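Trainee: I'd like to learn how to read salt bridges and nonpolar cores in a model. Can you walk me through an example?

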Amino acid sequence: MRFIEKDVEPRQLSPLNLAFVGDCVYEMLVRETLVCDANRPVNDLHRESVKYVSAAAQTEAFAKIKDALTEEETAQFKRGRNAKTGHSPKSATDAQYHTATGVEALFGYLYLSGKIDRIRELFDLIND
């Protein structure tokens, strides 16, 4: 299930478009998890969420899921990782930034493909 019922072929989108959507999907998963875990002040929620959505944290997340990815998922991750972003990260290494972009592209690809159950599976692996 997606929010917008509009046909799209994720394989035809640029990896940075996939990452643009995937960044939001990943952040929504983190935020929903934090809110469901405890009712706390928004500043605390924000401070906690940053620990999960940083380039360094997403690099660690990738290490947890990389062996569980299908060939297609790995290909989408690599498309995102190898994309020319034209951006130089301030709080991460170039490698971490590119890995995080790959993770976001993967989550964007899965979301736009309607593979919500697979997103949940991968996110569960990350949080184990």
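Mentor: Sure, and keep in mind that this is a predicted model. Start with Arg118: its relative accessibility is 16%, so it counts as buried, the cut-off being under 20%.

Trainee: Which residue forms a salt bridge with Arg118?

Mentor: Glu121 does, with the closest N and O atoms 2.9 Å apart. Both sit in helix α6, three residues apart, about one turn of the helix. Glu121 is partly exposed, at 43%.

Trainee: Where do salt bridges that share partners form a network?

Mentor: They join Glu9, Arg11 and Glu72 into one network. Within it, the side chains of Glu72 and Arg11 meet at 3.2 Å, N to O. That pair links distant parts of the chain, 61 residues apart: Glu72 belongs to helix α4, while Arg11 is in the segment before α1. Glu72 is partly exposed at 28%, and Arg11 is partly exposed at 46%.

Trainee: How many salt bridges are there by this rule?

Mentor: The count comes to eight.

Trainee: Now the core. What's the general idea?

Mentor: In soluble globular proteins, nonpolar side chains tend to be buried together. Here, the largest nonpolar core has 26 residues, and Phe107 is among those with the most contacts inside it. Helices α1, α3, α5 and α6 each supply at least two residues of this core.

Trainee: Which helix gives the largest share of this core?

Mentor: That's α5, with eight residues.

Trainee: And what does Phe107 touch, leaving out residues up to four places away in sequence?

Mentor: Its contacts include Gly22, Val25, Tyr26, Ile119 and Leu122.

Methods:
Residues numbered from 1 in each chain as written. Predicted model: local features only at pLDDT ≥ 70, side-chain atom pairs only at ≥ 80, totals over all residues. Heavy atoms only, no water. Core = buried A, V, L, I, M, F, W, Y, C linked by side-chain atoms within 4.5 Å. Buried < 20%, exposed > 50% of the residue type's maximum accessible area, 1.4 Å probe, protein only. Helix = DSSP H or I, 4+ residues; strand = E, 2+ residues; numbered from the N terminus. Contact = heavy atoms within 4.5 Å. Salt bridge = Lys/Arg side-chain N within 4 Å of Asp/Glu carboxyl O.
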